[in-house]
Protein chains: 2
Amino acid sequence: MKPHLQATEQLIAQPGSRALIPTPAAVLDIDAFERNVMKMQARAKAAGLALRPHAKSHKCSALALRQIEAGAVGVCCAKLAEAEALAAAGVAQILVTSPITGATQAERAAALAEDLADFRIVLDHPDGAVELGAAAQGLIQVLIDVDPGMGRTGVHDAAQALAVWRAIQVQPNLTLLGVQCYGGNWQHMEGANERAAAVADGMVRLKAVIAALRDAGAPVGVVTGGGTGTFAADAAQGVLTEVQPGSYAFMDREYRDCLKADPDGAFEQALTIAATVISTNNPKWVTVDAGLKAFATDGPLPVPLTPKFAASAYHFFGDEHGMLMRTPGQAIERGERVDFVPPHIDPTLDRYEVIHLVRGDALVEIVPIEARGASQ
Amino acid sequence: MKPHLQATEQLIAQPGSRALIPTPAAVLDIDAFERNVMKMQARAKAAGLALRPHAKSHKCSALALRQIEAGAVGVCCAKLAEAEALAAAGVAQILVTSPITGATQAERAAALAEDLADFRIVLDHPDGAVELGAAAQGLIQVLIDVDPGMGRTGVHDAAQALAVWRAIQVQPNLTLLGVQCYGGNWQHMEGANERAAAVADGMVRLKAVIAALRDAGAPVGVVTGGGTGTFAADAAQGVLTEVQPGSYAFMDREYRDCLKADPDGAFEQALTIAATVISTNNPKWVTVDAGLKAFATDGPLPVPLTPKFAASAYHFFGDEHGMLMRTPGQAIERGERVDFVPPHIDPTLDRYEVIHLVRGDALVEIVPIEARGASQ
């Protein structure tokens, strides 16, 4: 742990300590997080869906364990290393949502299958089944990844799905649980009707693959997929048995902008990035200590949440700094703090070593982001 | 250290082990790095300039120590936490190049001044001098940060510089070494003449501030600034006594695109990002395991360096994946490896926990990026 984080631990539980957390910092309102978690859990229950939150959003065992305690059947991890890091920290129910390749990765997956109470991984190629079968020490639970039409991973059609199923069938240590189908490109479409239409199209494709697999004798029990943006549409379609949303627990500008008042967007901004004004010499703007290394840069810009700066535009100003425009007549002092809505939550949290949990104005806990940068 | 990194350590010194490093991975050709380091050292020596490489590019004590061993007078750190992390790992000569604010940061700077053989920090406001003076346990070496016209940090003009100098003068524990002036916006201008003209303009401004400070009795010995893109112009101007380049040791696409064959760009691409093809089901492209979390997203796109993929365009494809376009008739297998030129080196390396040092086809050492994410 870095020296400044050790010092920050001394602040825990002190009134007003939130304002003393060294910035830039990822700050989570733990009450808002828990309300978000309970709300999604209730939505899933009402729809008869299992909830398996995607841990790629937080990459943090403490939060994964809270989600499981609240009723989630487990979590998703994007990559093997993410799963390994969370497994080492005590998360025992993990689905790896990206295909892997090669003997070394297959051996790592096999080791996780041995170690964890419930490990699952997707495949999208017959050779993946051969590799995993060769590495297996005991039974490994697999799902066939189905491409919803975006062409990132997954089988393209029923013929490819059947080829993977045949390769699984001849591996005595692989057991098929079902299929995965995740439309990453559907999540940030503006308009509930537009998202619903995209999901409906994708589900036609998925249902054809499922039907072909079942005709061939493949046991398709689990149908997992979906995200924060498509929950309502996924529930309405009734094809999925399990959903994988991640961002709902934190929220970010991308989802706020496109989901707006839809039921899918009715989650609180629980995660903010705290920054500090460090230079005030310029008449048109001030400089804050949060730049390209503090916020995701692949989406929209961060927006200030602190009321005083609600009308102040932020611009990136290099690796370590941001430009916050002054509004007319506004007096701003060095050392003033500004909370921001993060632009895109997953890569934003990937830039931090820890998340600071706060309740009201007090820092209450510091939790490590163990699977930060674990893309391997 | 993450589980997969522990396993990777077993590969060290094995022939062919470079091809077995789990991807995405930051890979440094250590011979090319050392040639880059020696070349910049020779350029600085020939120009009569002290070389203080900016560690914000690598954030790694092992590489900072190699730069110092090769003749650098020390390194720069962008933020206090970056300095603390490198200091804890044995780097003893550090200049912090951003102003700080508040009592806690001043106390942290004072502690570094006590601990390190040679600690220096910039100021751009009289209150910064008051805070640092109040926290000082012994002498603290400071420099006045001068804004070259970009308005990020630094004093705006001679009047502001003199106000900071007067505030330093009355603090018995602060000792002024000189000034800093860094034109971040000049570094990536295309054309050596354009960069030289921008530097010349900025130096007029800087010389006026230095003259005013000297007239007021301020000892301006050190004049530090400059980067990889402006070395030739900085040397020609003769105002700086010390230069702060960082990217030259690694190189990236941004500098390759704008420096081209200029002497400032005559450094080798020592740092690459290794990725692996993980899905081949789509006829138009394949999917690699390196996406938004593997490359900086604030600049141009990564470009493949592996000859087979030299004509293949890369596009981001979500947090964890990239799309690599197929060229006509190209057969690509799952598991094939692709090396990429990183787009922007500083935030790219910030996404990794370690740098893999290679010599030829062998992994020879794994060094931690201790100051990763240390923006506080």
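Here is a walk through this predicted model, from the pairing of its two chains down to a few local details of the backbone.

Start with how the chains relate to each other. A turn of 180° with a shift of 0.0 Å along the axis lays chain B on chain A, and the RMSD of that fit is 0.0 Å. The two copies are thus related as by a two-fold rotation axis. If you want to find that axis from the chain B side, look for Thr297(B): its C-alpha is the one in chain B nearest the axis, at 2.9 Å.

Now for the contact between the copies. Chain B puts 63 residues into it, and chain A puts in 63 residues as well. On the side of chain B that touches chain A, the elements giving two or more residues are α1 (3–9), α4 (80–88), α5 (103–115), β10 (271–279) and α11 (345–349) of chain B. The largest share comes from α4(B), with four residues. As for chemistry, this side of chain B divides into 19 nonpolar, 25 polar and 19 charged residues. And do the copies use matching surfaces or not? Of the interface residues of chain B, 100% are also interface residues in chain A, so the copies meet through the same surface.

Next, zoom in on a single chain. The domain assignment splits chain A into domain 1, which takes in 3–28 + 267–368, and domain 2, which covers 30–250. Their C-alpha centres sit 33 Å apart. Where the domains of chain A touch, domain 1 supplies 15 residues and domain 2 supplies 18 residues. On the domain 1 side of that contact, the elements with two or more residues are α11 (345–349), β16 (354–359) and β17 (362–368) of chain A. Of these, β16(A) gives the most, with four residues. The class make-up of this side of domain 1 of chain A is 11 nonpolar, no polar and four charged residues.

Helix packing is the next stop. Two packed helices are described by the angle between their axes and the distance between the axes. Take helix α4 (residues 80–88) and helix α5 (residues 103–115) of chain A: their axes come within 11 Å and cross at roughly 30°. With angles under 35 degrees counting as roughly parallel, that makes α4(A) roughly parallel to α5(A). The crossing of α4(A) past α5(A) is left-handed. From α4(A), the residues making the contact are Leu80(A), Ala83(A), Glu84(A) and Ala87(A), and they meet Gln105(A), Arg108(A), Ala109(A), Leu112(A) and Asp115(A) of α5(A). By class, that comes to five nonpolar, one polar and three charged residues.

Stay with α5(A), and you'll find that it also packs against helix α6 (residues 126–135) of chain A, with the axes 8 Å apart and an angle of about 55°. That makes α5(A) oblique to α6(A), and here α5(A) passes α6(A) in a right-handed crossing. The α5(A) side of the contact is built from Ala103(A), Ala106(A), Glu107(A), Ala109(A) and Ala110(A), while α6(A) brings Glu131(A), Leu132(A), Ala134(A) and Ala135(A). This contact has seven nonpolar, no polar and two charged residues. So which residue links the two pairs? Ala109(A) of α5(A) is listed in the contact with α4(A) and also in the contact with α6(A).

Over in chain B, helix α6 (residues 126–135) has helix α7 (residues 158–169) as a partner, their axes coming within 8 Å and crossing at roughly 15°. That makes α6(B) roughly parallel to α7(B), and the crossing is right-handed. Pro126(B), Ala129(B) and Val130(B) of α6(B) touch Ala163(B), Val164(B), Ala167(B) and Ile168(B) of α7(B). Here the count is seven nonpolar, no polar and no charged residues.

Last, a look at the backbone. In chain A, Thr23(A) and Pro24(A) are joined by a cis peptide bond with omega of about -5°. Pro24(A) is found in the loop between α1 (3–9) and β1 (25–29) of chain A. Ala13(A) lies in the loop between α1 and β1 of chain A too, and Ala13(A) has a positive phi of about 75° although it is not a glycine. Chain B has a cis peptide bond between Thr23(B) and Pro24(B), with omega about 0°, and Pro24(B) is placed in the loop between α1 and β1 (25–29) of chain B.

Technical notes
Residues numbered from 1 in each chain as written. Chains lettered and ligands numbered in written order. Predicted model: local features only at pLDDT ≥ 70, side-chain atom pairs only at ≥ 80, totals over all residues. Contact = placed C-beta atoms within 7 Å. Nonpolar A, V, L, I, M, F, W, Y, C, P; charged D, E, K, R; others polar. Least-squares fit on C-alpha atoms with pLDDT ≥ 70 in both. Axes fitted to C-alpha atoms, helices over the stretch in contact; angles between N-to-C directions. Parallel < 35°, antiparallel > 145°, perpendicular 65-115°, else oblique. Left-handed = near helix turned anticlockwise from the far one by under 90°. Domains from an automatic or database assignment.
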